[in-house]
Amino acid sequence: MASEAIRLTYYDKLVIGVIALVIVIGFIYFGIMPTPQNPVLEVEVLGKVKQTLDLTKQEGEKIVVMGRQGYSIIEVGKNKVRMVDSACEDKICVHTGWISKPGQQIVCIPNQVVLRFRNVRSDLDGING
Amino acid sequence: MKNKQIRAYKLVYLSFLIALATTLHIVENFLPSLSFIVPGAKLGLANLVTLVAILAYGWKCGFIVAVVRSCLGSFLSGTFLTTTFFLSFSGAVLSSLAMGWLNKWGKEKFSPMGISIVGAVVHNVSQLTVAGLIIQNGGIFFYLPYLLIFALPTGYFTGILAYLLTRYLTANNFLKYNQQEK
């Protein structure tokens with residue numbers, strides 16, 4: 001009964017194909033980034049890098065930074081880091097959980113706090129571009 | 001006289017759709033399931049109603065539903081004029097315009113599923129752009145491939161649902177007068 005119209009047209013498939021291509025290219029692009037031996041975590045607040053953390057030395061520490069709406073509490077674990085609590089309303093950053101690999105990041109948009117591992121490749125891109 | 005009656009009907013049905021979209025917008029915020037896999041990923045239930053409005057009444061009504069529901073939804077959840085509001089507002093406005101345009105100029109070319117998938121992708125891209133502007137860092141586009149993986153199935157099923165819902169409501173004379181005034 002309903003099957004005659006629930007069928008993808010040629011243009012639908014074209015759009016899906018393009019999106020699938022973008023997904024594959026995106027994963028390849030972010031996948032080929034080299035893995036630094038000693039990752040350094042950058043804490044970015046209001047668009048500026050406020051401090052860097054060495055995860056191997058600061059295990060078990062809790063760091064509090066003040067963002068746009070208030071505090072963000074960062075917990076350093078064994079080669080990993082997470083957002084314990086934040087003053088934002090959606091708590092997406094807290095739900096992201098632990099991150100441990102370069103390329104991963106925790107982003108709190110309302111509080112404008114970003115945690116990311118310093119990436120060798122992105123530094124090069126900054127010089128080239 | 002007749003024209004007045006049609007406009008009254010349309011107003012009532014549009015209000016109903018806006019109420020439905022606002023409810024879904026708020027209920028969707030209670031569902032955290034997807035954000036554990038990809039932060040910020042959503043089912044797009046509120047966009048479903050936008051698509052129904054576009055399919056039944058055209059792009060203007062879809063735009064009105066999208067704008068009013070994201071404002072009302074943020075009023076009721078207490079996030080009006082915060083960053084959460086700007087994220088959902090920009091996504092709702094741009095994706096409703098994209099879906100309305102596709103429905104108007106490519107009705108034979110695209111099925112509702114295709115329109116819905118394009119709407120979901122436009123929603124993701126515009127949200128990431130606004131998020132990148134707010135945190136002043138383009139690195140957030142790192143999430144785009146992950147979000148797009150969810151945009152395909154959620155957009156597809158939202159499209160099927162919107163199509164079936166529009167057909168059901170039109171067949172049952174609920175959304176009548178949909179052809180007379182456009």
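D85(A) is partly exposed, because its relative accessibility is 27%. Keep in mind that this is a predicted model. D85(A) has a partner. Its side chain meets that of K91(A) in a salt bridge, 3.7 Å from N to O. How accessible is K91(A)? At 28% relative accessibility, K91(A) counts as partly exposed too.

Let's stay with charge pairs. Side chains of opposite charge can pair when their charged atoms come close. Over all chains, the count is three salt bridges. You have just heard one of the three.

Next, R82(A) and E75(A). Their side chains form a salt bridge, 2.9 Å from N to O. Are these two buried or partly exposed? R82(A) has 29% relative accessibility, so it counts as partly exposed. E75(A) has 17%, so it counts as buried, the limit being under 20%.

Now R116(A) and E44(A). The closest N and O atoms of this salt bridge are 2.8 Å apart. Which parts of the chain does the pair link? Distant ones. R116(A) sits in strand β7 of chain A, and E44(A) sits in strand β1, residues 40–45. They are 72 residues apart. R116(A) is at 15% relative accessibility, so it counts as buried. E44(A) is at 6%, so it counts as buried as well.

On to the interface. How many salt bridges run between chain A and chain B? Zero. Polar contacts do occur there: five residue pairs, with both residues at pLDDT 80 or more. Which elements of chain A each supply at least two residues to the side that touches chain B? They are α1 (10–31), α2 (92–96), β6 (105–108) and β7 (113–117). The largest share comes from α1(A), with ten residues. By class, that side of chain A has 21 nonpolar, nine polar and eight charged residues.

And the extent? 38 residues of chain A are in contact with 37 residues of chain B. The area buried between the two chains is about 3200 Å². Carbon and sulfur atoms give 71% of that area.

Next, the cores. The largest nonpolar core has 48 residues. Which of them touch the most other members? From chain A, they are I19(A), V107(A) and I109(A). From chain B, they are L17(B), V65(B), I140(B) and Y143(B). Several elements give two or more residues to this core. Chain A offers α1. Chain B offers α1 (2–29), α2 (45–57), α3 (59–77), α4 (83–105), α5 (112–134) and α6 (144–171). There is also a second, separate core of 19 residues, including I63(A), V65(A), M83(A) and C93(A).

Take a look at Y143(B). Set aside its neighbours within four places in sequence. In chain A, Y143(B) is in contact with T96(A), Q105(A), I106(A) and V107(A). In chain B, Y143(B) is in contact with P39(B) and L128(B).

Last stop, S126(B). Where does this residue sit? In helix α5 of chain B. S126(B) has a relative accessible area of 6%, so it is buried. A polar atom of its side chain lies 3.0 Å from the backbone oxygen of H123(B). Leaving aside neighbours within four places in sequence, S126(B) is in contact with S90(B), G91(B) and L94(B).

Conventions: Residues are numbered from 1 along each chain as its sequence is written. Chains are lettered from A and ligands numbered from 1 in the order in which they are written. This is a predicted model: local features need pLDDT of at least 70, side-chain atom pairs count only at pLDDT 80 or more; totals for chains, interfaces and linings use all residues. Side-chain values use heavy atoms; hydrogens and water are left out. Contact means heavy atoms within 4.5 Å. Buried area is the accessible area (1.4 Å probe) that two parts lose on being put together, summed over both. A salt bridge is a side-chain nitrogen of Lys or Arg within 4 Å of a carboxyl oxygen of Asp or Glu. A polar contact is a pair of N or O atoms within 3.5 Å; within protein, one must be able to donate a hydrogen and the other to accept it, and residues adjacent in sequence count only if both atoms are side-chain atoms. Helices (H or I, at least four residues) and strands (E, at least two) are DSSP runs, numbered from the N terminus. Ala, Val, Leu, Ile, Met, Phe, Trp, Tyr, Cys and Pro count as nonpolar, Asp, Glu, Lys and Arg as charged, and the others, Gly among them, as polar. A nonpolar core is a set of buried Ala, Val, Leu, Ile, Met, Phe, Trp, Tyr and Cys residues joined through side-chain atoms within 4.5 Å. Buried means under 20% relative accessible area, exposed over 50%, partly exposed in between (1.4 Å probe, protein chains only).
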